[in-house]
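Thanks for coming, everyone. Please take a moment with the structure on the screen, and then I will walk you through it.

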Amino acid sequence: MNRPKKRKRLLAPREEIAWFPMIEASHCNGCGDCQAFCRPGVFSPGTPDPSGIYKAKMSVANPFNCIVLCTRCEHVCPSGAITLPHPQDFKHFVEEYLD
Ligand code: SF4
Ligand code: SF4
């Protein structure tokens, strides 16, 4: 017999839930670690540096691809450039259920 799986569902349309990372541009070195790490494809390099010396700063290109309550990229960024909202403020948007 299959055991029921624990799943999560959102209790509002994703576009109405302002959960996504923010990047402090002055801290971002354009290393690309966050883009490589995040499977849902939230990040994309921003405008290239006109001088061509520096890597493009990362941008949050697809904010609503971000998984509500995920915070994993915050710990991946070597520069501390990524912040996410407080999970406590968004828990009411996510319901766990057994399927
Ligand atoms: S919090 Fe998770 S899903 Fe959202 S951008 Fe970071 S790694 Fe991707
Ligand atoms: S991991 Fe941090 S420093 Fe590297 S590109 Fe992403 S935000 Fe910028």
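What percentage of the contacts with a separation of 6 or more in the protein comes from residues 24 or more positions apart? Taking two residues to be in contact if their C-beta atoms, placed from the backbone, lie within 7 Å, the share is 68%.

Before going on, I should say that this is a predicted model, in which local features need pLDDT of at least 70 and side-chain atom pairs count only at pLDDT 80 or more, while totals for chains, interfaces and linings use all residues. Residues are numbered from 1 along each chain as its sequence is written, and chains are lettered from A and ligands numbered from 1 in the order in which they are written.

Along the sequence, the pattern reads β-β-α-β-β-α-β-β, where helices (H or I, at least four residues) and strands (E, at least two) are DSSP runs, numbered from the N terminus. The radius of gyration, taken over C-alpha atoms, is 16 Å, well over the 13 Å that the globule rule (2.2 Å times the number of residues to the power 0.38) gives for 99 residues, so the protein is more spread out than a compact globule. Along the principal axes, the C-alpha atoms fill a box of roughly 60 × 30 × 20 Å.

Turning to the ligands, the residues around ligand 1, meaning those whose C-beta atom, placed from the backbone, lies within 6 Å of it, include Cys 38, Cys 66, Cys 70 and Cys 73. Around ligand 2 there are 14 residues, of which Cys 28, Cys 31, Cys 34, Met 58 and Cys 77 come nearest.
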